Amino acid sequence: ESQKQIDNLTAILKAYPEVKLKIGGYTDKVGDEANNKKLSGDRATSVKDALNKAGVGAQITGAEGYGSSFAKYAADAPEADRVKDRHVSVSVRL
């Protein structure tokens, strides 16, 4: 599923070479914040690396992990909710 999204981003970036993206990684509230910050950074970097490998890395302005600072669900929330907090997002920079 993730590769499909990487492929979609690659196609968009190749079609619009003037567009720049910043990648953000996020985690749920389980665990300590230092580990969550590292994990979210690793998530963002993985996407950046995949886009580099696909030949559009010059369009990536950065990759940053935000830990659980934007998580919506409590650490004891059901897994079906917490999984929504574990993701990567991209923001467009023109």
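## A walk from Asn36 outwards

At 5% relative accessibility, asparagine 36 counts as buried, because the cut-off for that label is anything under 20%. That's a handy place to start looking around this predicted model. Asparagine 36 sits in helix H2. Setting aside neighbours within four places in sequence, its contacts are Thr27, Asp28, Lys29, Val30, Gly31, Gly67 and Ser68. Take glycine 67 from that list: it lies 31 residues from asparagine 36 along the chain, yet their C-alpha atoms are separated by 4.6 Å.

Now zoom out to the whole protein. You'll find three helices and three strands, and reading along the sequence gives the pattern α-β-α-β-α-β. The C-alpha atoms fill a box of roughly 45 × 25 × 20 Å along the principal axes. Of the 94 residues, 33% are buried. Contacts across long stretches of chain show up here too: among contacts with a separation of 6 or more, 76% come from residues 24 or more positions apart.

On to the strands. They form an open sheet of three, in the order E2-E1-E3, with mixed pairing. Strand E2 (60-65) and strand E3 (88-93) are at the edges with a single partner strand each, so one side of each has no neighbour in the sheet. From one strand to the next, the twist averages 20°.

What makes the pairing mixed becomes clear if you take the two pairs in turn. Strand E1 (residues 20-25) and E3 run antiparallel, joined by six bridges. You can trace that register residue by residue: leucine 21 has valine 92 as its bridge partner in E3, and lysine 22 has serine 91. E1 and E2, on the other hand, pair in the parallel sense over five bridges. Here glycine 25 stands opposite glycine 65 in E2.

So what packs on the sheet, and which strands does it touch? Helix H2 (residues 33-53) does, touching E1, E2 and E3, and its direction makes about 155° with that of E2. Angles over 145 degrees count as roughly antiparallel, so H2 and E2 fall in that class. Further along H2 from asparagine 36 you come to aspartate 42, also in this helix. At 36% relative accessibility, aspartate 42 counts as partly exposed, whereas asparagine 36 is buried. Aspartate 42 and alanine 63 are 21 residues apart along the chain, with 9.0 Å between their C-alpha atoms.

That leaves the way H2 meets another helix. Two packed helices are described by the angle between their axes and the distance between the axes. For helix H1 (residues 2-15) and H2, the axes come within 10 Å and cross at roughly 55°. H1 and H2 are therefore oblique to each other, and their crossing is right-handed. Which residues do the meeting between H1 and H2? From H1 there are Ile6, Leu9 and Thr10, and from H2 there are Val47, Ala50 and Leu51. By class, this contact of H1 with H2 has five nonpolar residues, one polar and no charged ones.

Put together, H2 is the element to keep your eye on as you turn the model: this helix holds the buried asparagine 36, packs on the sheet and crosses H1.

Terms used. Residues numbered from 1 in each chain as written. Predicted model: local features only at pLDDT ≥ 70, side-chain atom pairs only at ≥ 80, totals over all residues. Heavy atoms only, no water. Pairing = 2+ DSSP bridges. Helix = DSSP H or I, 4+ residues; strand = E, 2+ residues; numbered from the N terminus. Axes fitted to C-alpha atoms, helices over the stretch in contact; angles between N-to-C directions. Contact = heavy atoms within 4.5 Å. Parallel < 35°, antiparallel > 145°, perpendicular 65-115°, else oblique. Left-handed = near helix turned anticlockwise from the far one by under 90°. Nonpolar A, V, L, I, M, F, W, Y, C, P; charged D, E, K, R; others polar. Buried < 20%, exposed > 50% of the residue type's maximum accessible area, 1.4 Å probe, protein only.
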